[in-house]
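Trainee: I would like to go through this entry from the overall layout down to single residues. Please show it first.

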Amino acid sequence: MESVEKIIEEKIQGKALVTANKKENTKKLFIESYGCQMNMNDSEIVAAILDKEGYNTTQILEEADLVLVNTCSIREKAETTIRRRLQKYNAVKKVNKKMKVGVLGCMAERLKEKFLEEEKIVDLVVGPDAYRDLPNLLQEVSEGRDAVNVILSKDETYGDVAPVRLNSNGVSAFVSITRGCDNMCTFCVVPFTRGRERSRDPKSILEEIQSMVDQNFKEITLLGQNVDSYLWFGGGLKKDFKKATEMAQATATDFAQLLDMCATEFPKTRFRFSTSNPQDMSLDVIHTMAKHKNICKYLHLPVQSGSNAMLKAMNRQHTREEYKELVDNIFRIVPEMSLSQDMIVGFCGETEQDHQDTLELMEYVKYDFGFMFAYSERPGTLAAKKLEDDIPFDVKKRRLQTVIDLQQKHALYRTQQHLGKTEEFLIEGTSKKDPNKWKGRNTQNTVAVFDKGAYKLGDFVLVKVEDCTSATLKGIALGYSDNN
Ligand code: SAH
Ligand code: F3S
C-alpha cells in the first residue's frame, strides 16, 4: 500500500473546494475540510446552506469574503495542522480586511468560545449540528459581533439539504446516513464533538441517491461513524428506541434493510459504506452484501488492537476471538471480501505482548488496506481522565513502524491475488503518475491504472491485471463491462 504517512497526510490535508459559478450569487466562500469523509460531506451541506445566502465557492483564498475551515480533533496533529492554517488566513486577512473567518466541525465543538480567545482571527465558531444557523450567525458577524453556536442536536441529520458537490469527480459521492456516535471508545473524541447517534429517514436517503443517479453519479458511499448501528424508527436518538411506540419499533429500518433498499432500487449504482464497527456489525449486512452484485465487496472494519486487554481498556465491546470469528464468517459468506483496519499503537499500558497480539491478529486477517496511528491523548475523553498515556514516544514510533511494515506486506499479498484475473473497474479519474492512463477501483476497493483508450470517466471497464505494487494494480482494458 501507499505510505501510511501519505494517506494520513491526504486525509487531513484540506483541499480548496470548487463548484460551478451561479450568476445570482455575489459573495465568495472559500471552504476547506480536514479529517474524515463525514467532514467532506458536511462541507457540501454547508455550501448548500450558504448557496441560498448568496455565496459561491471559490478556490482563491485571497478573494474570499468568507473563509470556513471544517476541522478535525481526532488526533493532536490534526488540530496543530489547523492552527497553522489559521496563521495563513491571518496573513491574508491583513490584505483582504473584509474577509471573515469561521471554524466548523469537531474543533469548534471541542473548544467552543475558547477558540475566539485563543485565535484572534476567528469570527465565528459553529459545531457540526448548527450549520442551519449559519445565516443568523453571519448576520451577527456582519454587525460586528463574534458568533458561536455549538449546540448538539437530538435530531439534526440535514436530511432535507441537497449538498452542493464540492471537489467532485462526478463519479462517486458521499451520502450521510447517521450522525454522532454512542460507542464511547475511551480514546475517541467523536462522541463529544458529534453528539449522540441518530439516523436519517430512508426516504430522504433514497431521494438524495436518486438525484445523484440523475446527475450520472455511479458510486455512492453511505457514511456514518458506525453505519451498522443505523436504525430509523421515525426519528430521534438511537438510545431512545426502546421508548418508541410498539408500532415504530416493529416497522423500524436497520442497516441491512437500508442497504438492501438502496441496492435494489438502484441496480446500476455501486454502493460502499463506512465505517463498520465490529461490535455492531450483523451477519444480515454480510448476507445483503452477498445478495447484491452492486454492493462492493469491501469492509472497513477497524479493530484498533489485537490484544484483549487493550480492547477492554479502549471499551471496544468485543474480544480478539470474537473479531476473528466475525472475520471467518465474513470470508465464509463472501470469500472475495477485502478488509481494511484502523489500528492504534501505544495505547495506555500497551505491553510488548499486547503489541505482538496486534501483529498476530493482522497476520490472521491479512488486511488489504490499513490506517495506522500512534495513540494521541485527547482532552475530555475517558482515557485522558482515567488512564495514563504511559508509552514513550520512541516506543510508539517503533511499534507503529512495525505495524505499517506488516500491513505493507499484507497489502502486497492481497494485490498479488488479483494478478492474471479480469475484473470490473469503475473509472474515477486520471492516474496521478501518467496522464495517459485512467485510474479506477474494483469492487474490493483496489486501484488499477490502465491505458485510457476510448474509455471515459464513469465507465465500468473490464481490466486484465498484469502487474502490481502493494498499492496499485496495472492492467489492460479489454472492453466495457455489462454494467454500463
Ligand atoms: N467510527 C470509527 C472510527 C472513527 S475515528 C470506528 O468505528 O472505529 C477514525 C480512526 O482514528 C479510529 O478508528 C482510530 O483508529 C483513530 N483514532 C481515534 N482516536 C484516536 C486517538 N485518540 N489517537 C490515535 N488514533 C485515534
Ligand atoms: Fe470513535 Fe469508537 Fe465511535 S472510535 S467514532 S467512539 S465507534
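Trainee: Which domains does the domain assignment give for the protein chain?
Mentor: Note that this is a predicted model. The assignment splits the protein chain into three stretches: domain 1 (4-149), domain 2 (172-416) and domain 3 (422-480).

Trainee: How many residues does the contact take from domain 1 and from domain 2?
Mentor: The centres of domain 1 and domain 2, taken over C-alpha atoms, are 27 Å apart. Contact here means heavy atoms within 4.5 Å. On that basis the contact takes 21 residues from domain 1 and 25 residues from domain 2.

Trainee: What radius of gyration does the protein chain have, against that of a compact globule?
Mentor: The C-alpha atoms fill a box of roughly 65 × 55 × 55 Å along the principal axes. For 484 residues, a compact globule would have a radius of gyration near 23 Å. The protein chain agrees with this, having 22 Å.

Trainee: What percentage of the residues in the protein chain is buried?
Mentor: The accessible surface comes to about 20700 Å², and carbon and sulfur atoms account for 52% of that surface. A residue counts as buried under 20% relative accessible area. Of the 484 residues, the buried share is 57%.

Trainee: How far apart do the centres of the positive and negative side chains lie?
Mentor: The protein chain carries 69 positive and 72 negative side chains. The centres of these two sets are separated by 3 Å.

Trainee: Is Glu 428 buried or exposed?
Mentor: Glu 428 sits in strand 17, which covers residues 422-430. Beyond its neighbours within four places in sequence, its contacts include Lys 439, Arg 441 and Glu 219. Its relative accessibility is 13%. The cut-off is under 20%, so Glu 428 counts as buried.

Trainee: Which residues is Lys 88 in contact with, leaving aside its neighbours within four places in sequence?
Mentor: Lys 88 belongs to helix 3 (residues 76-95). Its C-alpha atom is 9.8 Å from that of Leu 61, a residue 27 places away along the chain. With those sequence neighbours left aside, Lys 88 is in contact with Leu 61 and Glu 62.

Trainee: How does Lys 88 count in terms of accessibility, and what value puts it there?
Mentor: Partly exposed is the class between under 20% and over 50% relative accessible area. Lys 88 has a relative accessibility of 38%, so it counts as partly exposed.

Terms used:
Residues are numbered from 1 along each chain as its sequence is written. Chains are lettered from A and ligands numbered from 1 in the order in which they are written. This is a predicted model: local features need pLDDT of at least 70, side-chain atom pairs count only at pLDDT 80 or more; totals for chains, interfaces and linings use all residues. Side-chain values use heavy atoms; hydrogens and water are left out. The radius of gyration is taken over C-alpha atoms; the globule rule is 2.2 Å times the number of residues to the power 0.38. Buried means under 20% relative accessible area, exposed over 50%, partly exposed in between (1.4 Å probe, protein chains only). Accessible areas come from the Shrake-Rupley method with a 1.4 Å probe; for residues, only the protein chains shown count as cover. Lys and Arg count as positive and Asp and Glu as negative; His and the chain ends are not counted. The place of a charge is taken as NZ of Lys, CZ of Arg, CG of Asp or CD of Glu. Domain bounds come from an automatic or database domain assignment. Helices (H or I, at least four residues) and strands (E, at least two) are DSSP runs, numbered from the N terminus.
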